[in-house]
Every structure is written in C-alpha cells, then in structure tokens.
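Work through these exercises with the model open beside you. Each task is followed by its solution in short steps.

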Amino acid sequence: MQLLSYHVVPSEEHTCRLYNDQQLDTLNNGKQIRFNEYTMPFPFARFDWKWVQTAQCATIEKSNIRACNGIIHIVDKVLMPPAGSLLDVLALDNRFTELVQLIKIADIGDMLEGDGPFTLFAPTDDAFKRIDDAELQNIVNDKGKLRHVLYNHIFKDQICCSGLRIVAANVGYEARQLKSMSEERFTVDEMGNKTEIGGSQITECDMSSTNGVKHVLDEVILKQKRKFMGDDDFWDWFRF
C-alpha cells in the first residue's frame, strides 16, 4: 500500500503544466516525486527531435487520461520512494564503500546531502580496483586531485538515463557532451543497449534519491578517453 500511495498525487496535474525539476507531494507521507523534462531544441533537433517527460526518472509514456475523479499518466516502471539523499543511497549500497570513503576524505559529503539536484555517476568498488594502486594513492594523498576526480562524476541537475543523450546533444551540434562539476566535458556514447560517458560504461540507471539520481559505472572517469578516428562519431573530436 505504501508503494502504491507513492504513485498518487492529491491534485489533478496535467502534463502541460509540469515543469523541469518540479516536485509534488504524494499520498505516501508527503514523499515527493521529481518531474523532469528533456527536449532537444532547434536547430539541434532536426528530424530526430525528442521530448521526454519523467516522473522520478520513469518515462511518462502516455499522459492525461481522463478519469471521473482525476488524471492518469502511464509510466514505464514502478516508482520507488527514495531512501534519502545521494550520500544516503550510496552508503546503503555495499558496492560503493570505496566511493563513500573518498567522498569523506575530500570533504564533499555535505554537498551531496544538499538540495541539489545532482546527477552522480558512481563507480563501484570493482571500478576502483582497476586503477593502479600507486596512481590511486597519489590521487588520495592530494585533496585537490581527489576532488577533481570525484567532481568528474558529478553533474548539476537531475539527468535521467532517458534524457541523457538529449541533454548531452544540447551542448553543441552533435557534440553529445556533458560538463561536470570539475569543468571537464565528457562524451556520451550510445552503442546498441550500451551507454558510456567519458569511456566508462553505465551498468545501472536511475537510482533515485531526494536530491538527485545515481547511475552506476564500471570504471572511474579519470579523464575523457579519446577515440580512434573512424570510431562512431566524427564530431566527438571537436571540443566546445
């Protein structure tokens, strides 16, 4: 019953009145749903124009179905009430013990418990094991370097997986890049069912929190991995 009540808002909300990062209280003890809207503006849209609306990162597939006592919107997955802030969600998952520890060392935990919203691409403990021990220790021993590496994985605003390519395309014509809090830009690549950012694969999407969303990475983003000419997209070689 608690889960079902999280899907109900005690007011009629037409999708044309929803706006990006709007939060609405639900019948689940007032826990909020965050709505996002992603669109690819002209001239970048061309013939593959996209417009996506999400509720807690679930894509709204059909909207504004009139009922006698309200409105129904159909989403593509079950909405899960968030367990807390981004830092809380990380700490509750034993795959991210290394990342949580490094966040504490870098003194950025308070930020990840703040209002946000943020998008965190979270490397697992296995991802950190792929870094050479000496290189990792060198990063940990320098708080400036450590913060820079961690900020490579943090982006302002909530970017759900369904909106990732759209947001990245808005940076510049076919650039498909996102600018992280480290001020670095990282390329978003989609190949079949596989999505990468900065050369690291996203293995799990849309783990929601009260102040943003977390996606899981299989590798740590130390820098943008350059591609060989002829691979995928010519425009990825341009940096804006």
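**Exercise 1. Bridges in one strand pair**

How many bridges join β4 to β5, and do they run parallel or antiparallel?

Solution. Note first that this is a predicted model. Step one: count the bridges from β4 to β5, which gives 5. Step two: compare the directions; the two strands run antiparallel. Step three: pick a residue pair. I65 stands opposite I72 in β5. Step four: look at the link. A hairpin joins β4 to β5 through 2 residues.

**Exercise 2. The whole sheet**

Give the strand order of the open sheet of 5 strands, and find the strands that stand at the edges.

Solution. Step one: read across the sheet. The order is β1-β2-β3-β4-β5, with antiparallel pairing. Step two: find the edges. β1 (22-25) and β5 (70-75) each have a single partner strand, so one side of each is left without a neighbour in the sheet. Step three: take the twist, which averages 35 degrees from one strand to the next. Step four: add the helix. Helix α8 (residues 161-169) packs on the sheet and touches β2, β3 (51-55) and β4 (58-67). Its direction makes about 35 degrees with that of β2.

Now check two pairings inside this sheet. β1 and strand β2 (residues 32-39) are joined by 4 bridges and run antiparallel. Here L24 has I33 in β2 as its bridge partner. β3 and β4 are joined by 2 bridges, again antiparallel. Here T54 has T59 in β4 as its partner.

**Exercise 3. Positive phi in hairpins**

Which residue takes a positive phi in the hairpin of β3 and β4? Repeat the search for the hairpin of β8 and β9 and for that of β9 and β10.

Solution. Step one: start with β3 and β4. There are 2 residues between the strands, and Q56 has a positive phi near 50 degrees.

Step two: go to β8 and β9. Strand β8 (residues 177-179) is joined to strand β9 (residues 185-191) by 3 bridges, and the two run antiparallel. K179 pairs with R185 in β9. This hairpin has 5 residues between the strands, and E183 takes a positive phi near 75 degrees.

Step three: continue to strand β10 (residues 194-197), which is joined to β9 by 4 bridges in antiparallel fashion. D189 has E196 in β10 as its bridge partner. The hairpin has 2 residues between the strands, and G192 shows a positive phi near 65 degrees.

**Exercise 4. An aromatic pair**

How many aromatic pairs does a search of the whole structure find? Describe the geometry.

Solution. Step one: the search finds 1 aromatic pair. Step two: identify the rings. F121 and F155 lie 5.3 Å apart, centre to centre, with 85 degrees between the planes. Step three: classify. Planes over 60 degrees apart count as edge-to-face, and this pair is edge-to-face. Step four: place the partners. F121 is in strand β6 (residues 118-123) and F155 in strand β7 (residues 154-156), 34 residues apart. Step five: check burial. F121 and F155 are both buried.

**Exercise 5. Helix α7 and the cores**

Which residues of helix α7 (residues 143-151) are buried, and what do they pack against?

Solution. Step one: list the buried residues, which are L146, V149, L150 and Y151. Step two: find their neighbours. They pack against α3 (97-105), α4 (109-112), α6 (133-140) and β7. Step three: inspect the start of α7. A side-chain oxygen of D142 comes to within 3.0 Å of the backbone nitrogen of G144.

Step four: widen the view. The largest nonpolar core has 28 residues; L150 is among those that touch the most other members, as is F128. α2 (86-91), α3, β6, α5 (125-129), α6 and α7 each supply at least two residues of this core. Step five: list the contacts of F128. Leaving out residues up to four places away in sequence, F128 touches E98, L99, L102, P123, L136 and V220. Step six: look for another core. A second, separate one has 13 residues, including I159, A168, L178 and V188.

**Exercise 6. Overall figures**

How many helices and strands does the protein have?

Solution. Step one: the count is 8 helices and 12 strands. Step two: turn to burial. Of the 240 residues, 47% are buried. Step three: take the contacts with a separation of 6 or more. Residues 24 or more positions apart account for 60% of them.

Notes
Residues numbered from 1 in each chain as written. Predicted model: local features only at pLDDT ≥ 70, side-chain atom pairs only at ≥ 80, totals over all residues. Heavy atoms only, no water. Pairing = 2+ DSSP bridges. Axes fitted to C-alpha atoms, helices over the stretch in contact; angles between N-to-C directions. Contact = heavy atoms within 4.5 Å. Phe/Tyr/Trp six-rings, centres within 6.5 Å; stacked < 30°, edge-to-face > 60°. Buried < 20%, exposed > 50% of the residue type's maximum accessible area, 1.4 Å probe, protein only. Polar contact = N/O pair within 3.5 Å; in protein donor to acceptor, adjacent residues only side chain to side chain. Core = buried A, V, L, I, M, F, W, Y, C linked by side-chain atoms within 4.5 Å.
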